[in-house]
Amino acid sequence: MEKKPTTLFVVAAALTNESGAILLQKRPDHASMGGLWEFPGGKVEAGETPEVALARELFEELGISVNLQDLIPETFASEPLGERHLLLLLYRCVTWEGTPTPHFASEIAWVHPNDMAALPMPPADYPLVERLKRI
Ligand SMILES: Nc1nc2c([nH]c(=O)n2[C@H]2C[C@H](O)[C@@H](COP(=O)(O)OP(=O)(O)OP(=O)(O)O)O2)c(=O)[nH]1
């Protein structure tokens, strides 16, 4: 019988500063996809809307607070991820409270989409970056 992959719902943010650079964080070496640069975010938990999940993740991972209405849908990725299928919703956010501070990531950096090709990222992120370059 054909295997039916479980869809993994992930939300992430393109936190964008005044010069158009976007915050990326480096996954810790011991994590899955360790050492890769990603958009901050994570899995949507049961009972959460995607926006509530993203606001929670941004607070947990970076210590910043966002208003749900400031999370603007930007683009998404739909890609196989091991035995699962990843659906990653990317939101744009230009307004938040607090200074992003890495709580789990090994590093954070502000990177212009044109410079992201130089960084190793999860495979699902490359099409997202291409989209961000054209916006
Ligand atoms: N936050 C985030 N996750 C991403 C990106 N690209 C990408 O493939 N992912 C994947 C990595 C993870 O499998 C999943 C995010 O979940 P998470 O960050 O809460 O997961 P985790 O480290 O606990 O992951 P896992 O070991 O359970 O797979 O989405 C991205 O740009 N940002």
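Helices and strands are taken here as DSSP runs, of at least four residues for helices and at least two for strands, numbered from the N terminus. On that basis, and in a model that is predicted, P100 falls in the loop between β6 and β7. The description below begins with the two sheets, continues with the helices, the nonpolar core and the ligand shell, and ends with individual loop residues.

One open sheet comprises 4 strands in the order β4-β1-β6-β5, with mixed pairing. Its edge strands are β4 and β5 (72-81), each of which pairs on one side only, and from one strand to the next the twist averages 20°. Within this sheet, β1 and β6 run parallel and are joined by 9 bridges; L15, for instance, has C93 of β6 as its bridge partner. In general, strands of a sheet pair through backbone hydrogen bonds, in either a parallel or an antiparallel sense.

A further open sheet is formed by 3 strands in the order β3-β2-β7, and here the pairing is antiparallel. The edges are occupied by β3 and β7, each with a single partner strand, so that one side of each is left without a neighbour in the sheet. Between β2 and β7 (residues 107-111) the antiparallel pairing extends over 5 bridges, in which L23 has W110 as its bridge partner and L24 stands opposite A109. The pairing of β2 with β3 (residues 37-38), likewise in the antiparallel sense, involves 2 bridges, and K26 stands opposite W37 of β3. Strand β2 is mostly covered, 4 of its 5 residues being buried.

Two helices are placed against the sheet that contains β1. Helix α1 packs on the sheet and touches β1, β4 and β6, its direction making about 60° with that of β1. Helix α2, in turn, lies across β1, β5 and β6 and runs at about 155° to β5.

The largest nonpolar core contains 30 residues, of which V11, A13, L54, L90 and Y91 touch the most other members. Two or more residues are given to this core by each of β1 (7-15), β2 (22-26), α1 (50-62), β6 (84-93) and α2 (125-134), and the most come from β1, which gives 6. The surroundings of Y91 illustrate how separate parts of the chain meet: once neighbours within four places in sequence are left aside, Y91 is in contact with V11, A13, L54, L71, I72, P73 and E74.

The ligand is surrounded by 15 residues, the closest being S32, E38, G41, G42 and P122. At least two residues of this shell are supplied by each of β1, β4 (41-43) and β6, while β4 gives the most, with 3 residues. In composition, the shell divides into 9 nonpolar, 3 polar and 3 charged residues.

Several loop residues were examined individually, beginning with M33, which is found in the loop between β2 and β3. The phi angle of M33 is near 55°, a positive value in a residue other than glycine. M33 is classed as partly exposed because 14 other C-beta atoms lie within 10 Å, a count that falls between the limit of 12 or fewer for an exposed residue and that of 20 or more for a buried one.

By the same criterion, P100 is partly exposed, because 19 other C-beta atoms lie within 10 Å. Although P100 and L58 are 42 residues apart in sequence, their C-alpha atoms are 8.7 Å apart in space. Leaving aside neighbours within four places in sequence, the residues in contact with P100 are L15, L23, L62, I64 and I108.

The loop between β4 and α1 contains A46, a residue that is exposed because 4 other C-beta atoms lie within 10 Å. The C-alpha atom of A46 is separated by 27 Å from that of V94, with the two residues 48 positions apart along the chain.

Conventions:
Residues numbered from 1 in each chain as written. Predicted model: local features only at pLDDT ≥ 70, side-chain atom pairs only at ≥ 80, totals over all residues. Core = buried A, V, L, I, M, F, W, Y, C linked by C-beta atoms within 7 Å. Contact = placed C-beta atoms within 7 Å. Near = placed C-beta within 6 Å. Nonpolar A, V, L, I, M, F, W, Y, C, P; charged D, E, K, R; others polar. Pairing = 2+ DSSP bridges. Axes fitted to C-alpha atoms, helices over the stretch in contact; angles between N-to-C directions.
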